[in-house]
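Dear colleague,

I am passing on the structure below, together with some notes on what came out of looking through it. Please read them alongside the coordinates.

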Amino acid sequence: MIRDEIVARDKAHVWHPYTAMDEYTASDPLVIARAQGSWLEDVDGRRYLDGNSSWWVATLGHAHPRLVATMQRQAEQGLLHCSLAGTTHEPAARLAEELVAIAPPGLTRVFYTDNGSGSVEVALRMALQMYVQNGAPKKRGALALEGAFHGDTLGAASLGGLDVFRRVVGDIGLTCVRVPVPAPNAHARAFDMIARLLRDKADETAAIIIEPMVQAAAGMRIYDAAFLRELRALADRHDVMLIDDEVFTGYGRTGPMWAVNHAGIAPDIMCLGKAFSSILPMGATLASERVFDGFRGSKDRALYYGHTFCGHPLGAALAREVLAIYREEKLIERSKEKSLLIERAFARIAEIPGVARVRSLGMIGAADLGEGYLGKIGWRVYDEARRRGAYLRPLGDTVYVAPPLTISNDELTQLLGIVEESVRAVLT
Ligand SMILES: *Cc1c(COP(=O)(O)O)cnc(C)c1O
């Protein structure tokens, strides 16, 4: 089918995520025919470097040959889908063991989900139910950071701190108190406020949830590892579960495998998604033995939760292969050099008149060009970058890269050059 026919059908019927549809209908969308390595290719054969790993998923690039082979192997074996309802299978069992082996210490139990929001949702339910049925029934609230994003289900969205996203759902979900983000020189203020809140409300608080080191959807806002260590200490002192949402930051996005590694701490519960299986919707929530123990005993104490496709064999086989590729291709070590390229490029971008602020961490670089999520400058940079061969979906007026860890140094240099030129074209 040619481009215009696809677009006509799409515009007649497809309702796009996170998209103002009137604006979209007037726009000229990319029509992707292939995704391979660090590249997206459209139906007319034009190629674009995938600047955000297709919504932060493709840390291994697209169609990694080992993942393609895994899908074929799994199909040939004849085990593509079956449930985990009183049954099990080798991919789910072995994957759980492999995840526990590399997770922060103390996370010993793996609950499978089928997306990042689901991983957060089940983390909340674990924390709430554990307290409710083990002598602390008033612990039903949560603390989250201003500007937080933890997904789109009602429970996950009620933790969110981005007004445009939560305007409608408001506080339908659970009670959540939002506390300030530790801005570069407001670290003490944020910490004091959380400490005060917990002093007064620890008996009503089940969990503190964090996007460790970087709040992604808020515009790649980076904060200090010391803050994570302080939160860990507070959570211990007040007996509150520390939930670590690594859906974006996991799998080496910020440098080490998990962003909490920057702080040398371990959470009580950890949420995974996105890069987890690289191709299929799948994720997991890892929990400590203490959390798991809180559900032992009679039937009414069970965690009555589970999505239909959780722990499916094809996804689990892919997720195992993802871990094997990280190990064998030494992706974490090899990304260090690439992080330096990103850091240097964004330092250059900082010099462009009109750029408000830049920052980088691991395989992330970001520049603020204006004000806020509904701004237009980011999208003008998107258009410039598209003409130059890169896909650079902005977060409002924050322009950023979060490329595959497997991107070659040449491709990365090319991508960063396009970002710089595009920002210059718009601002000067
Ligand atoms: C994307 C994201 C989620 C939600 O994941 P979905 O798979 O879109 O449901 C949750 N938390 C963080 C930090 C994310 O970046």
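In this predicted model, an oxygen atom of the ligand is 2.5 Å from an N or O atom in the side chain of Ser 117. The residue before Ser 117 in the numbering, Gly 116, contributes through its backbone, where an N or O atom lies 2.8 Å from a ligand oxygen, while Lys 274 places a polar side-chain atom 2.7 Å from an oxygen atom of the ligand. The residues around the ligand also include Trp 56, Asn 115, Phe 149, His 150, Gly 151, Glu 211, Asp 245, Val 247 and Phe 248.

Turning to the interior, the largest nonpolar core has 96 residues, and those with the most contacts inside it are Met 220, Tyr 251 and Phe 276. This core lies between domain 1 (31-63 + 333-427) and domain 2 (68-328), because both of them give residues to it. Leaving aside neighbours within four places in sequence, Tyr 251 is in contact with, among others, Thr 59, Leu 99, Trp 258, Phe 276, Tyr 326 and Leu 405. Another core, of 28 residues, lies apart from the largest one and has Ala 144, Ala 156, Ala 206 and Ile 243 among its members.

Finally, strand S14 (residues 364-368) runs antiparallel to S16 and is joined to it by four bridges, with Ala 367 having Val 399 as its bridge partner in S16. From S16 (residues 398-401), Thr 398 and Tyr 400 point one way, whereas Val 399 and Val 401 point the other way, and all of these residues are buried. Such an arrangement fits the general pattern, since in a regular strand the side chains alternate between the two faces of the sheet.

With best wishes

Definitions and conventions:
Residues numbered from 1 in each chain as written. Predicted model: local features only at pLDDT ≥ 70, side-chain atom pairs only at ≥ 80, totals over all residues. Heavy atoms only, no water. Buried < 20%, exposed > 50% of the residue type's maximum accessible area, 1.4 Å probe, protein only. Helix = DSSP H or I, 4+ residues; strand = E, 2+ residues; numbered from the N terminus. Pairing = 2+ DSSP bridges. Core = buried A, V, L, I, M, F, W, Y, C linked by side-chain atoms within 4.5 Å. Domains from an automatic or database assignment. Contact = heavy atoms within 4.5 Å. Near = heavy atom within 4 Å. Polar contact = N/O pair within 3.5 Å; in protein donor to acceptor, adjacent residues only side chain to side chain.
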